[in-house]
Number of protein chains: 2
Amino acid sequence: MSDINERHRDRMERKKAIIDAKIAAADKNIGVLIVNTGNGKGKSSSGFGMAMRAMGHGMKVGVVQFIKGAMSTGEELFLRRFPEECSFHAMGEGYTWETQDRERDIAKAREAWEQARAFLRDPSYGMVVLDELNIALKYRYLDVHEVIADLLDRPEMQHAVVTGRAAPPELIEVADTVTEMTVVKHAFKAGIAAQPGTEW
Amino acid sequence: MSDINERHRDRMERKKAIIDAKIAAADKNIGVLIVNTGNGKGKSSSGFGMAMRAMGHGMKVGVVQFIKGAMSTGEELFLRRFPEECSFHAMGEGYTWETQDRERDIAKAREAWEQARAFLRDPSYGMVVLDELNIALKYRYLDVHEVIADLLDRPEMQHAVVTGRAAPPELIEVADTVTEMTVVKHAFKAGIAAQPGTEW
């Protein structure tokens, strides 16, 4: 065996020992609360990728899209094909700067939260995706303490995924896994429009 | 109308004007090269969420999973249900630290790249997801210049999504959109095992 291959094997053996020990220590199986935040791409798409994984494992998924909804996105068009595996609910008012009516936004957000709460109380849902919920919290359309109470009260094995830039610190505090998506570069700045398939 | 609602409307109007101008300026429609990198969660799941979006818009998707493949993931179980909409290919050797045989890894990675190249030359694929390709590049299982040449040579309207930590600078340079997923906190550190639905 050549030298580079031997060094590779040695390094990999040490790496494997470390990882194996970590895996052995992480032995709890429980539903996790995941938050995807930051200004970069991939917050919502990661939520829908997890929905796909959950459905692959036979879990039922509930989705509520806050803020979005005026235009049908690829994820909506796709997920509505599986009504028995995925319950899809969109707030349906478009982005807030399309409506510019705060009272109407609040009423719509509350309605959407009622739907979210129904999923969060139903153990038949293995995962609940709350897309762009952070935006509704940022604009104080919903009370963060009420939202957190409902999230923490969900069935023990249920996963919850919250997306949107500017996640409130109170939510980050109680979450199990938090990722910040940061922009390294974005096609939009180079004059490329939001593309179907990648952005919506 | 109350003061807070009026201020909200004013702020939203200004925001909308800025965003509308940006949208008008970004008028190119073209396939984009997206790279998800960093140590945080959401790189692969975002890739699969984009695959879902693309399928929702009626695009055919090609997936090659580098590195992964010893165990069936949720995304594989799910996507294999739609062979006409998604061609799924896994390198099939598990993580490199399971095999610890560099020469075999290289042979398998090359085989996987041949599959990737076939997707990248076929305009009937609207999106190609190259999951964990960055890891194969990091270990120099594949030549970064060869990979970039094939990526840039793809059909004009085809999207390509590359995931994995440690994306090489040469790839970041040529990509349209690059996101770094950074860890704010991770459930694994609190002793929670990788959960089906969220991690795999």
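Q: Axes here are lines fitted to C-alpha atoms, for helices over the stretch in contact, and angles run from 0 to 180 degrees between N-to-C directions. At roughly what angle do the axes of helix 1 of chain A and helix 5 of chain B cross?
A: First, a heads-up: this is a predicted model, where local features need pLDDT of at least 70 and side-chain atom pairs count only at pLDDT 80 or more, while totals for chains, interfaces and linings use all residues. Residues are numbered from 1 along each chain as its sequence is written, chains are lettered from A and ligands numbered from 1 in the order written, and side-chain values use heavy atoms, leaving out hydrogens and water. Helix 1 of chain A covers residues 3-25 and helix 5 of chain B covers residues 102-120; helices (H or I, at least four residues) and strands (E, at least two) are DSSP runs, numbered from the N terminus. Their axes come within 9 Å, and the crossing angle is roughly 95 degrees.

Q: How is helix 1 of chain A oriented to helix 5 of chain B?
A: Angles under 35 degrees count as roughly parallel, over 145 as roughly antiparallel, 65 to 115 as roughly perpendicular and the rest as oblique. That makes helix 1 of chain A, set against helix 5 of chain B, roughly perpendicular.

Q: Which residues of helix 5 of chain B does helix 1 of chain A meet?
A: Contact means heavy atoms within 4.5 Å. On the chain A side, A:Ile4, A:Asn5 and A:His8 do the touching, and their partners are B:Arg102, B:Glu103 and B:Asp105.

Q: Which residues of helix 1 of chain B make the contact with helix 5 of chain A?
A: Helix 5 of chain A (residues 102-120) packs against helix 1 of chain B at about 95 degrees, with axes 9 Å apart. That makes the two roughly perpendicular. A:Arg102, A:Glu103 and A:Asp105 come from helix 5 of chain A, and helix 1 of chain B brings B:Ile4, B:Asn5 and B:His8.

Q: How many charged residues are in the contact of helix 2 of chain A with helix 2 of chain B?
A: These helices pack at about 85 degrees, with their axes 6 Å apart, and that makes them roughly perpendicular. Residues meeting there include A:Phe48 and A:Arg53 from chain A, and B:Phe48 and B:Arg53 from chain B. Sorting by class (Ala, Val, Leu, Ile, Met, Phe, Trp, Tyr, Cys and Pro count as nonpolar, Asp, Glu, Lys and Arg as charged, and the others, Gly among them, as polar), the contact has 6 nonpolar and 8 polar residues, and the charged ones number 2.

Q: What area is buried between chain B and chain A?
A: The contact involves 85 residues of chain B and 86 of chain A. Buried area is the accessible area (1.4 Å probe) that two parts lose on being put together, summed over both. Carbon and sulfur atoms give 61% of an area of about 7,400 Å².

Q: How many salt bridges cross the interface of chain B and chain A?
A: A salt bridge is a side-chain nitrogen of Lys or Arg within 4 Å of a carboxyl oxygen of Asp or Glu. B:Glu75 forms one with A:Arg53, the closest N and O atoms being 2.8 Å apart. Across this interface, the rule finds 4.

Q: Which helix gives the largest share of the side of chain B that touches chain A?
A: Elements that each supply at least two residues to that side include helix 2 (43-56), helix 8 (169-174) and strand 6 (177-185) of chain B. The largest share, 13 residues, comes from helix 1 of chain B.

Q: How many residues apart in sequence are the parts tied together by A:Glu199 and A:Lys41?
A: This pair forms a salt bridge, with its closest N and O atoms 3.7 Å apart. A:Glu199 lies in the segment after strand 6 (177-185) of chain A and A:Lys41 in the loop between strand 1 (33-37) and helix 2 (43-56) of chain A, so the pair ties together parts whose separation in sequence, in residues, is 158.
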